[in-house]
Amino acid sequence: SRLMPVLLMFLIAVSGITLAGEVLEGGASYYADSLDGNKTASGEIYRKDKLTAAHRTIPFGTRVNVTYPKTGKSVEVIINDRGPHANGRLIDLSGAAAKEIGLVDDGHGEVKLEILE
């Protein structure tokens, strides 16, 4: 029926599922070094030297490009954890990812995320 594609798009829109190419903007922070070695929500061990991140709804294993407009730098991360748990934050980056875009000195800042897959 012609209604199925419309219904599918509606369900995707209300479910919080993200699609490749989608762009999100919001606050970013990064994991404390003391969390290195802890288990993430996906079951992987957090490693501060890996390019990973936490997001509340983006599926585990999704590649995301994170751009920090203040520095103009970008980094590609893989979502492997849930969070951030601070209000107003969109993503928590690993230490290595935060360092790559110049977020470490600021502690947190506004970023742009692009879903890659």
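Trainee: Let me start with a detail: which residue is the bridge partner of Tyr30 in S5?

Mentor: Happy to start there, keeping in mind that this is a predicted model. S1 and S5 pair in the parallel sense, over 4 bridges. Within S5, the residue bridged to Tyr30 is Leu93.

Trainee: And which residue in S5 is the bridge partner of Ala53?

Mentor: Here we turn to S2, which runs antiparallel to S5 and is joined to it by 2 bridges. Ala53 has its partner in S5. That partner is Leu93.

Trainee: Is strand S5 largely enclosed or open to the outside?

Mentor: Let's count along the strand, which covers residues 89-93. A residue counts as buried when its relative accessible area is under 20%. In S5 that holds for 4 of the 5 residues, so the rest of the structure leaves the strand largely enclosed.

Trainee: In what order do the strands close into a barrel?

Mentor: Good one to trace on the model. The barrel takes in 6 strands, and their pairing is mixed. For instance, S1 and S5 are parallel, while S2 and S5 are antiparallel. From one strand to the next the twist averages 45°, and the order is S1-S5-S2-S4-S3-S6.

Trainee: How many bridges join S1 to strand S6?

Mentor: S6 spans residues 108-115 and runs antiparallel to S1. One of the bridged pairs is Val23 with Glu114 in S6. The number of bridges joining S1 to S6 is 7.

Trainee: How do the elements run from the N terminus on?

Mentor: The protein chain has 2 helices and 6 strands. Reading from the N terminus, the order of elements is α-β-β-β-β-β-α-β.

Trainee: Is Thr52 buried or exposed?

Mentor: Thr52 sits in strand S2. Leaving aside residues up to four places away in sequence, Thr52 touches several others, including Tyr46, Val77, Asp92 and Leu93. Its relative accessible area is 10%, so Thr52 is buried.

Trainee: Tyr46 caught my eye there. What kind of aromatic pair do Tyr31 and Tyr46 form?

Mentor: The structure holds 1 aromatic pair. In that pair the rings of Tyr31 and Tyr46 lie 4.3 Å centre to centre, with 20° between the planes. Planes under 30 degrees apart count as stacked, so the pair of Tyr31 and Tyr46 is stacked.

Trainee: How many residues apart in sequence are the parts that this pair ties together?

Mentor: Tyr31 and Tyr46 are both buried. Each lies in the loop between strand S1 (23-30) and strand S2 (52-54). The pair therefore ties together parts whose separation in sequence is 15 residues.

Trainee: Which residue lies over the face of Phe60?

Mentor: This one is a charge placed over a ring. The distance from the ring centre of Phe60 is 4.2 Å. The residue is Arg82.

Trainee: To finish, what share of the contacts with a separation of 6 or more comes from residues 24 or more positions apart?

Mentor: For the whole picture, the protein chain has 117 residues, of which 36% are buried. The chain exposes about 6,800 Å², with carbon and sulfur atoms supplying 55% of that. As for the contacts you asked about, the share is 71%.

Key: Residues are numbered from 1 along each chain as its sequence is written. This is a predicted model: local features need pLDDT of at least 70, side-chain atom pairs count only at pLDDT 80 or more; totals for chains, interfaces and linings use all residues. Side-chain values use heavy atoms; hydrogens and water are left out. Rings of Phe, Tyr and Trp (its six-membered ring) pair if their centres lie within 6.5 Å; planes under 30 degrees apart count as stacked, over 60 as edge-to-face and the rest as tilted. Buried means under 20% relative accessible area, exposed over 50%, partly exposed in between (1.4 Å probe, protein chains only). A charge sits over a ring if NZ of Lys or CZ of Arg is within 6 Å of the ring centre and within 35 degrees of the ring normal. Contact means heavy atoms within 4.5 Å. Accessible areas come from the Shrake-Rupley method with a 1.4 Å probe; for residues, only the protein chains shown count as cover. Two strands pair if DSSP finds at least two bridges between them. Axes are lines fitted to C-alpha atoms, for helices over the stretch in contact, and angles run from 0 to 180 degrees between N-to-C directions.
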